[in-house]
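Here are my notes on the model you sent, set out as numbered points. They begin with the overall fold and then go through the individual elements.

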Amino acid sequence: ASGEEALEKLAAAPRIDFLVTDIRLPGELDGWAVADAMRRIYPQAPVVYVSANPIHPERQVVGSLFLGKPVDIRMLTDACHRLMGNDQG
C-alpha cells in the first residue's frame, strides 16, 4: 500500500526472493528507496521496476530491470525467472 509498508514487510519476512515495485508509491518512500532498502538486506536479490514513469538508470540498483506499464504478466514472470537464474521462458 505504501513504501513504508513495503519496508515493514521486508524487515518482517524471513526471506524475500525478489522485489517487484512501482516507482510511485503512496507515502514518503518511493520504489527507488524500497529497492535500495531491499538490496541492503538482500544484496543479490533481483529487482524489477514496473512503472509508467520515465526510467532513470542512475537510480536503478545494479542488475535490475525496468518494465514500462502496461506490462504483460508473462513478460513480468519471464523477467523474474531470468533474474533469478532459472530461465523458464
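1. Helices and strands are taken here as DSSP runs, with at least four residues for a helix and at least two for a strand, and they are numbered from the N terminus. On that basis the protein, which is a predicted model, has three helices and three strands, and their order along the sequence is α-β-α-β-β-α. The radius of gyration is 12 Å, close to the 12 Å that the globule rule gives for 89 residues, so the protein is as compact as a globular protein of that length.

2. Some overall values may help in viewing the model. Taken along the principal axes, the C-alpha atoms fill a box of roughly 35 × 30 × 25 Å, and 36% of the 89 residues count as buried. Among contacts between residues at least 6 apart in sequence, 48% join residues at least 24 apart. The protein exposes about 5,500 Å², of which carbon and sulfur atoms supply 56%. As for charge, there are 9 positive and 12 negative charges, and the mean positions of the two sets are 3 Å apart.

3. Helix α2, which covers residues 31-41, deserves a careful look, with Gly31, Trp32, Val34, Ala35, Ala37, Met38 and Arg39 buried in it. An α-helix has 3.6 residues a turn, so residues three or four places apart point the same way. The buried residues of α2 pack against helix α1 (3-12) and against the strands β1 (19-21), β2 (47-51) and β3. At the start of this helix, a side-chain oxygen of Asp30 comes to within 3.2 Å of the backbone nitrogen of Trp32.

4. Strand β1 can be followed through two of its residues, Leu19 and Thr21. Leu19 has a relative accessible area of 11% and is therefore buried, the cut-off for that class being under 20%. Not counting residues up to four places away in sequence, Leu19 touches Val34, Ala35, Met38, Pro46, Val47 and Val48; of these, Val34, Ala35 and Met38 are among the buried residues of α2. The C-alpha atoms of Leu19 and Val71 lie 16 Å apart in space, with their positions 52 residues apart in sequence. Thr21 also counts as buried, at 6% relative accessibility, and, leaving aside neighbours within four places in sequence, Thr21 is in contact with Gly31, Val48, Tyr49 and Val50.

5. The loop between β1 and α2 contains Gly27, which counts as exposed because its relative accessibility is 58% and the class begins over 50%. Gly27 and Ser2 are 25 residues apart along the chain, yet their C-alpha atoms are separated by 5.5 Å.

6. In the loop between β2 and β3 the residue to inspect is Pro54, which is exposed, with a relative accessible area of 52%. Pro54 nevertheless touches Trp32 and Phe66, not counting residues up to four places away in sequence, and Trp32 is one of the buried residues of α2. The C-alpha atoms of Pro54 and Pro70, 16 residues apart along the chain, are separated by 13 Å.

7. Which peptide bond is cis? The bond from Lys69 to Pro70 is, with omega near -5 degrees, and Pro70 itself lies in the loop between β3 (65-68) and α3 (73-83). Gly68, in strand β3, is partly exposed, with a relative accessible area of 40%. The C-alpha atoms of Gly68 and Tyr49 are 8.3 Å apart, while the two residues are 19 apart in sequence.

8. Helix α3 has Leu76, Asp78, Ala79 and Cys80 as its buried residues, and the buried residues of this helix pack against β1, β2 and β3. The N-terminal end of α3 is capped by Asp72, a side-chain oxygen of which lies 3.0 Å from the backbone nitrogen of Arg74. After α3 comes Gly85, where phi is positive, near 85 degrees.

Note on methods
Residues are numbered from 1 along each chain as its sequence is written. This is a predicted model: local features need pLDDT of at least 70, side-chain atom pairs count only at pLDDT 80 or more; totals for chains, interfaces and linings use all residues. Side-chain values use heavy atoms; hydrogens and water are left out. The radius of gyration is taken over C-alpha atoms; the globule rule is 2.2 Å times the number of residues to the power 0.38. Buried means under 20% relative accessible area, exposed over 50%, partly exposed in between (1.4 Å probe, protein chains only). Contact means heavy atoms within 4.5 Å. Accessible areas come from the Shrake-Rupley method with a 1.4 Å probe; for residues, only the protein chains shown count as cover. Lys and Arg count as positive and Asp and Glu as negative; His and the chain ends are not counted. The place of a charge is taken as NZ of Lys, CZ of Arg, CG of Asp or CD of Glu. A polar contact is a pair of N or O atoms within 3.5 Å; within protein, one must be able to donate a hydrogen and the other to accept it, and residues adjacent in sequence count only if both atoms are side-chain atoms.
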